[in-house]
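Visitor: I've got a few "how do you know" questions about this one. Could you walk me through it?

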2 protein chains.
Amino acid sequence: MLGTVQKVGEVLELFTREHPEWGVSEVAKALGIPKSSAHALLATLVQIGFLKRTREGRYRLGWRILALSQVLLSTSSWRMEARRAMEELVARFGETTHLAVLECGRVVYVEKLEGTRAVRVVNTGVGVELPAHCSAVGKVLLAFRPWEEVERIMAERGMPAFTPNTITTLDELRTELQAVRERGYAYDIEEVVPELCCVAAPIRDHTGEVVAALSLSVPFYRFQQLKEEYRRSVLEATRQVSERLGYMGEEAWTRSRWRS
Amino acid sequence: MLGTVQKVGEVLELFTREHPEWGVSEVAKALGIPKSSAHALLATLVQIGFLKRTREGRYRLGWRILALSQVLLSTSSWRMEARRAMEELVARFGETTHLAVLECGRVVYVEKLEGTRAVRVVNTGVGVELPAHCSAVGKVLLAFRPWEEVERIMAERGMPAFTPNTITTLDELRTELQAVRERGYAYDIEEVVPELCCVAAPIRDHTGEVVAALSLSVPFYRFQQLKEEYRRSVLEATRQVSERLGYMGEEAWTRSRWRS
DNA sequence: CCATGCGTTCGCCTATACGGAACAGACTGT
DNA sequence: ACAGTCTGTTCCGTATAGGCGAACGCATGG
């Protein structure tokens, strides 16, 4: 709708971990707009605190972003509920757990609890974005979205292969998501990072909508032995959290759907 | 400059911990703009992932914010350096330490390390915004800014009293900041929260500019005994971090300034 | 059953942001 | 020392994009 605001989104999209600092000309080239337009845009973003000018006249993300993210994290009801279940999982297995959401085609970790074992998964943190087509949480979140949306997201973000196990075609993805939807959980067996496996299951709110996915991340060699137990525990945890959020359970939910 | 982008800043400012959810009409009233304009603005912000629509048609902050904050946190060089010094402080005293910056008149925690003692300061987290005119970090950060900027910030944000000790007038603040600038550190003796004291000192980068403030937060009853030692340790820590960032030290810096 | 609130849509009109060109300063390699 | 080429910044006319008010559909509730 509002073109100028969309530009804001595009500009901020440029600032990544790999390229955290940009100049006016660079931004202008990247977005295909005149330097003067880019200049006005960046200057205004500095004014509202989203960007910060370095002394050399270049631009970085501003700390205002942090303040906003704090408001976000402290006002999400289901995040607190999920945290309790995650603590129990960590206490039981000593493995790292994650909570993730899907928004605007991005899968983002919104909570993490690191495991307690000497060898554990540590490559992640709150706010980290990860691929939707191969991570366990990503597949869970996609599975409960309309297929057209999934197609659109894949068209936008692509399906890069990270390991030989990564799904890279839409056909494979469709059958995988179908399976995830029926089973109610998803695996990631070395599809994103070698030696790393995950199980994930959906968390639903009182309306039955999938609002987040909870996962357990385990090194490959340990995952093999206890795969079934990990799966059961994650499913149990997500069932508990969903119930606390007012979800009535699969049967009750489908029943009430029939009635309406 | 760009009016539309400024509106974005104003809108996002509305979403606070106390009032995290807004409707179109509410936003329109709060900003003094027509409903239709507010609608267009909110709809676009949803599109770029900064806001999220609830099922009831209201609006909340979107998870895109989190992804951006992650980029921000993982690309700040001096934050890593400061963290090491903070770890040493925690190891020594077992008290909570904070790292804060000033941007757009806001003081925001960008790093926190919780203490290890049974009774410790825990009321805070990364991204939390706090008052500039009474917190120790706030006073340090203000002290090294031009007085006109300080006046502007106070006019914008006000000087509310949180305890009987809070500074509430510009005159008091000016003399306090003058003292902080000369001493090179600031105290907060129950000025923000009763029973809570802090010492803070500035971190400078290679150009001599104050980029952040580091503080130690201690319960009042313990602070009394070791006040001097806390102060010395914080000053030592910030001196180390500043040096690692290429700061030449007060004397060298003023000397090089004379030459130019 | 009307009154009042909500979020949303439509289209006119003008304010506004776009974009080309020109400017000032910092490097760089002759 | 000096042209050449990068920066970031300023200016200003024009056309387009966004602000605005009115009308819409839908709840809710007295």
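**Around the DNA**

Guide: Sure, and keep in mind that this is a predicted model. Of the atoms of DNA strand D within 4 Å of the protein, 60% belong to sugar or phosphate, and the rest to bases.

Visitor: How many residues surround DNA strand D, and which are the closest?

Guide: There are 17 of them, and the closest are Thr4(A), Ser25(A), His39(A), Arg53(A) and Ser36(B). By class, that surface has 10 polar, 5 nonpolar and 2 charged residues.

Visitor: What makes the pair between His39(A) and a phosphate oxygen of DNA strand D a polar contact?

Guide: The cut-off is 3.5 Å between N or O atoms. An N or O atom in the His39(A) side chain sits 3.0 Å from the phosphate oxygen, so the pair qualifies as a polar contact. Tyr59(A) also has a polar side-chain atom 3.3 Å from a phosphate oxygen of strand D. With Ser36(B), the partner is a base oxygen, 2.8 Å from a polar side-chain atom.

Visitor: Which helix gives the most to the surface near DNA strand D?

Guide: That's α3(A), with 3 residues. At least two residues each come from α1 (3–14), α2 (24–31) and α3 (35–47) of chain A, and from α3 (35–47) of chain B.

**The two copies**

Visitor: Why are the two copies said to be related as by a two-fold rotation axis?

Guide: Chain B can be laid on chain A by a turn of 180° with a shift of 0.0 Å along the axis, at an RMSD of 0.1 Å. The copies are therefore related as by a two-fold rotation axis. The same surface serves both: 100% of chain B's contact residues recur in chain A.

Terms used
Residues numbered from 1 in each chain as written. Chains lettered and ligands numbered in written order. Predicted model: local features only at pLDDT ≥ 70, side-chain atom pairs only at ≥ 80, totals over all residues. Heavy atoms only, no water. Near = heavy atom within 4 Å. Polar contact = N/O pair within 3.5 Å; in protein donor to acceptor, adjacent residues only side chain to side chain. Helix = DSSP H or I, 4+ residues; strand = E, 2+ residues; numbered from the N terminus. Nonpolar A, V, L, I, M, F, W, Y, C, P; charged D, E, K, R; others polar. Least-squares fit on C-alpha atoms with pLDDT ≥ 70 in both. Contact = heavy atoms within 4.5 Å.
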